[in-house]
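Dear colleague,

Please find below the structure I am handing over to you, together with its sequence. My findings follow directly after it.

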Amino acid sequence: MNAELMVRRGVLAIAFAGLLAGGASAQSQDPTPRQQDVQNDKKDIRDDKKDLAKDRADRNADQRDINHDKTDLSKDRADRNADQKDINHDRKDLNADRTDRNKDQRDINHDKNQLARDDQKYGANSAQAQADRKDLHADRVDRNKDQKDINHDRKDLNADRTDRNADQRDINHDKKDLSKDRKDRNKDQKDINKDKKDLHKDRKDLKQDRKGRK
């Protein structure tokens with residue numbers, strides 16, 4: 001009878017030990033809600049740090065783009081202003097050469113009239129007529145030279161206007177790029193501020209979950 005009692009007690013002890021082992025195993029496999037919250041908070045904090053680092057990198061890249069746009073804008077403005085100076089200089093040259101050309105044309109017309117009078121008065125082979133022909137030739141040479149200068153000035157003026165217009169287009173493009181990059185930089189800064197708030201909130205949640213929510 002004692003032996004049977006001892007066997008029953010042994011069986012009960014083994015069964016009880018099995019229950020304890022099973023409960024411990026289940027407890028180790030299935031975390032409590034509090035442990036799960038702590039794990040989720042840690043994951044949120046890791047994600048927040050990644051987002052914050054990415055947004056900071058984007059913000060810094062946008063700032064570099066802004067600095068580059070400012071440099072391009074300054075250079076293109078300097079080029080545009082230099083072209084405008086060239087245009088103003090070309091206009092002065094063109095006006096001066098036109099004045100010279102017109103003066104030479106008046107001299108030519110005067111020489112022609114003088115030559116006609118001297119031919120009639122003194123004869124075509126007279127010294128006066130030959131001197132008039134010499135003056136007429138010199139004035140025509142000057143007039144032709146002035147016309148070449150005018151043609152050259154026009155080419156320079158057109159080329160400088162083309163350069164000025166191209167620089168103005170570059171300036172307008174730079175302004176658009178600068179405005180866009182500033183918007184991107186400001187958006188990234190807002191994202192950074194939001195990431196900081198999220199990170200602060202998740203750290204606060206983690207601290208509360210570790211202590212145990214009330």
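Apart from its neighbours within four places in sequence, Val38 is in contact with Leu206, Asp209 and Arg210. Please bear in mind that these contacts, like everything below, come from a predicted model. Val38 also belongs to the largest nonpolar core, a set of six residues completed by Ile45, Leu52, Ile192, Leu199 and Leu206. Helix 2 and helix 3 are the elements that give two or more residues to this core.

The overall fold may be described briefly. The chain has three helices and zero strands, and its pattern along the sequence reads α-α-α. Of its 214 residues, 21% count as buried. The chain exposes about 15,700 Å², with carbon and sulfur atoms supplying 50% of that area. Among contacts between residues at least 6 apart in sequence, 88% join residues at least 24 apart.

Helix 2 covers residues 33-122. Its 90 residues reach 129 Å from the first C-alpha to the last, close to the 134 Å expected at 1.5 Å a residue. Helix 3 covers residues 127-211. Its end C-alpha atoms are 124 Å apart, which agrees with the 126 Å that 85 residues should span at 1.5 Å a residue. Each of these helices is followed by a glycine with positive phi: Gly123 comes after helix 2, with phi near 105 degrees, and Gly212 comes after helix 3, with phi near 100 degrees.

Several residues show where distant parts of the sequence meet. Arg203 lies in helix 3, and its C-alpha atom is 8.1 Å from that of Lys42, although the two are 161 residues apart along the chain. Beyond its neighbours within four places in sequence, Arg203 is in contact with Ile45 and Lys49. Arg203 counts as partly exposed because its relative accessibility is 43%.

Leu157, also placed in helix 3, counts as buried because its relative accessibility is 6%. Not counting residues up to four places away in sequence, Leu157 touches Ile87, Asp90, Arg91 and Leu94. Its C-alpha atom is separated by 9.9 Å from that of Gln84, 73 residues away along the chain.

The charged side chains deserve a separate word. Side chains of opposite charge can pair when their charged atoms come close. The count comes to 10 salt bridges, including the three described here.

- Lys103 and Asp107 meet at 3.3 Å, N to O; they are separated by about one helical turn, because they lie four residues apart in helix 2. Lys103 is partly exposed at 44%, and Asp107 is partly exposed at 25%.
- Asp198 and Lys194 have their closest N and O atoms 3.0 Å apart; they too are four residues apart, in helix 3. Asp198 is partly exposed, at 25% relative accessibility.
- Lys201 and Asp205 meet at 3.2 Å, N to O, and are likewise about one helical turn apart in helix 3. Lys201 is partly exposed at 48%, whereas Asp205 is buried at 14%.

Which side chain of opposite charge is nearest to Asp118, a buried residue that has no salt bridge? It is that of Arg117, at 6.0 Å. Asp118 is found in helix 2. Leaving aside neighbours within four places in sequence, Asp118 is in contact with Gly123, Ser126, Gln128, Ala129 and Asp132.

With kind regards

Terms used: Residues numbered from 1 in each chain as written. Predicted model: local features only at pLDDT ≥ 70, side-chain atom pairs only at ≥ 80, totals over all residues. Heavy atoms only, no water. Buried < 20%, exposed > 50% of the residue type's maximum accessible area, 1.4 Å probe, protein only. Contact = heavy atoms within 4.5 Å. Lys, Arg positive; Asp, Glu negative; His and termini not counted. Salt bridge = Lys/Arg side-chain N within 4 Å of Asp/Glu carboxyl O. Expected span 1.5 Å × (residues − 1). Areas by Shrake-Rupley, 256 points an atom, 1.4 Å probe, with all protein chains shown as cover. Core = buried A, V, L, I, M, F, W, Y, C linked by side-chain atoms within 4.5 Å.
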